[in-house]
Amino acid sequence: MGSINAVGVQNSGRRYLPTMDQGAEGRSPNQYLVPLTTRVNSRDCLEVGGCDVTELIQQFGSPLYILDEETLRATCRQYQAAFQRHYLGQYQVLYASKAWNCLAVCAIVHSEGLGIDIVSGGELFTALQAGVSPGKLYLHGNNKSEEELRLAIENGCKIVVDNWHELKTLVDLGGDNPNIQNPIRILIRLTPGIECHTHEYIRTGHLDSKFGFDPNELDAVFRFISQHPQLECCGLHAHIGSQIFELQPHSDLGTVMVQWFSKAAQYGLPVQELNIGGGLGICYTEADDPPSIDAWVQVVSQAITSACQENQIPLPKLLCEPGRSLIGTACVTAYTLGSQKTVPDIRTYVTVDGGMSDNPRPITYQSVYRAVVANRMSAPCTETVTIAGKHCESGDILIKEANLPKTEPSDILVVLNTGAYNYSMASNYNRLPRPAAVLVNQGEANIILQRESYQDLIRQDCLPERLR
Ligand SMILES: *Cc1c(COP(=O)(O)O)cnc(C)c1O
């Protein structure tokens with residue numbers, strides 16, 4: 001595995017090397033730079049899920065998302081095992097599917113016993129088509145349409161209510177519609193005044209966020225619900241941010257939420273679920289140092305357990321909804337290298353056959369990624385180059401400073417940790433067809449998302465008669 005050191009992790013020793021020996025070291029997939037099944041084979045090529053990445057490109061084309069089933073399943077199991085270990089009450093892990101919502105991912109995650117968060121009618125439809133039990137679906141969003149609400153309710157999903165407008169809409173929907181089973185099961189989303197950035201967090205009375213109710217409104221919300229039999233409040237929800245490396249914010253969140261929770265009894269509401277959101281970070285580079293899944297679940301469980309003891313209330317059913325930390329590490333994106341341009345004394349641009357359309361995170365959030373050259377894994381990293389995309393946009397840079405071996409056109413470049421918010425945020429900018437995605441497992445590779453064709457690109461185009 002020496003060549004994974006080419007990712008630039010020489011200093012960190014074993015730490016980022018993939019190993020299935022997770023339990024002993026207490027590491028979890030979100031702490032690795034590569035999928036758990038990553039190997040270098042005898043041809044010096046990168047292998048994921050038992051498949052040679054260069055052969056995958058030959059078979060399925062380029063660029064290609066490669067999703068490692070074993071890593072995804074192992075991550076689901078680590079969340080489940082951690083709750084089993086640290087929480088004495090009931091629990092349910094949900095996958096925040098906005099990170100990557102498609103039939104295969106929904107089906108895998110559901111088969112591991114997870115529920116699924118959805119934020120639109122489209123995500124809801126996909127999860128249902130994948131066979132996810134509607135009772136394990138939670139609809140989020142700060143501006144759900146009536147159609148989305150109706151679809152969710154008619155299918156028996158729970159609704160995470162964001163605001164007064166939505167509460168009132170639900171009351172209206174629940175009233176007379178014979179298709180809608182009363183009461184409608186809802187959770188209330190609150191904005192706890194805990195704000196997280198990756199390396200700091202602040203606690204304020206109010207938070208400037210478009211999501212959720214102000215906690216000061218909780219009494220009014222509970223009162224409203226208790227006066228409307230169309231609604232059944234089964235839980236409370238909060239989500240404080242993403243790519244979080246600290247444990248304290250979620251510990252504080254647990255404590256605050258139990259205080260909210262203990263109020264519900266005053267209004268005779270059957271509130272049972274506490275959903276503490278997602279947000280656990282992953283390693284995009286060797287500089288990232290997120291806690292393990294186990295540590296995160298432990299801290300949250302302890303905070304909630306001790307707050308419940310203090311308030312002398314029974315343990316709620318505890319829910320969490322990881323997105324990034326569940327799927328980020330499980331996928332890599334393989335590209336074929338093309339043109340190069342050296343600007344003397346400044347930098348060398350090395351261009352891939354994709355870019356901001358398949359991974360909009362660098363241009364959107366200045367996100368940093370690591371990459372390896374899949375067909376020459378043991379070659380020493382002697383160059384620092386800029387990996388550019390092929391889009392007509394100067395900012396279309398995937399990696400500003402990549403440490404790589406000397407590369408040539410048609411080398412296969414693999415960008416790591418692209419499972420979260422890559423395919424789900426992909427676009428057809430410049431009319432690039434979206435790449436295919438394959439699911440790899442023990443040497444088998446199955447298409448889970450077909451590569452778009454040019455015909456797909458004009459599928460929704462219409463040419464009015466008078467323009468022909
Ligand atoms: C985005 C989101 C998540 C998942 O966040 P991650 O950082 O990907 O774990 C969970 N819950 C809600 C409400 C979200 O909006």
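**View 1. G279, E321 and R324 reach the ligand through polar atoms.** Start with G279 in this predicted model: one of its backbone N or O atoms lies 2.9 Å from an oxygen atom of the ligand. Next, look for E321, where a polar side-chain atom lies 2.6 Å from a nitrogen atom of the ligand. Then move to R324, which uses a polar backbone atom, 2.7 Å from an oxygen atom of the ligand. How much of the ligand does the protein bury? Taken alone, the ligand exposes 380 Å², and the protein buries 93% of that.

**View 2. The ligand sits in the largest pocket.** Let's step back to see what is around the ligand. A total of 15 residues surround it, and the closest are K98, S242, E321, R324 and Y421. You have already met E321, whose side chain offers a polar atom 2.6 Å from a ligand nitrogen. What kinds of residues make up the shell around the ligand? The shell has 3 nonpolar, 7 polar and 5 charged residues.

**View 3. Strand β18 pairs with both β16 and β19.** Find β18, which covers residues 383-388. Strand β16 (residues 347-352) runs parallel to β18, and 3 bridges join the two. For one example, follow T351 to its bridge partner in β18, A388. With β19 (residues 397-404), β18 pairs in the antiparallel sense, over 5 bridges. Here you can look for V385, which stands opposite A402 in β19.

**View 4. Strands β1, β2 and β3 form an open sheet.** This one is handy for practising how to read a sheet. The 3 strands follow the order β1-β2-β3, with antiparallel pairing. Why is one side of β1 and of β3 left without a neighbour in the sheet? Both β1 (39-40) and β3 (51-52) stand at the edges and each has a single partner strand, so one side of each has no neighbour there. Between β1 and β2 (residues 46-48) there are 2 bridges. To spot a bridged pair, look for R39 and its partner in β2, E47.

**View 5. Two loops hold backbone details to look for: a cis peptide bond before P63 and a positive phi at S410.** P63 is found in the loop between α2 (53-60) and β4 (64-68). The peptide bond from S62 to P63 is cis, with omega near -5 degrees. Now go to S410, in the loop between β19 and β20 (412-415). What is the phi of S410? Its phi is near 80 degrees, a positive value in a residue other than glycine.

Note on methods
Residues numbered from 1 in each chain as written. Predicted model: local features only at pLDDT ≥ 70, side-chain atom pairs only at ≥ 80, totals over all residues. Heavy atoms only, no water. Near = heavy atom within 4 Å. Polar contact = N/O pair within 3.5 Å; in protein donor to acceptor, adjacent residues only side chain to side chain. Areas by Shrake-Rupley, 256 points an atom, 1.4 Å probe, with all protein chains shown as cover. 1 Å grid on protein atoms, 1.4 Å probe; cavity = no way out; pocket = protein on both sides within 12 Å on 5 of 7 lines; lining within 4 Å. Sits in = over half its atoms within 2 Å of the grid points. Nonpolar A, V, L, I, M, F, W, Y, C, P; charged D, E, K, R; others polar. Pairing = 2+ DSSP bridges. Helix = DSSP H or I, 4+ residues; strand = E, 2+ residues; numbered from the N terminus.
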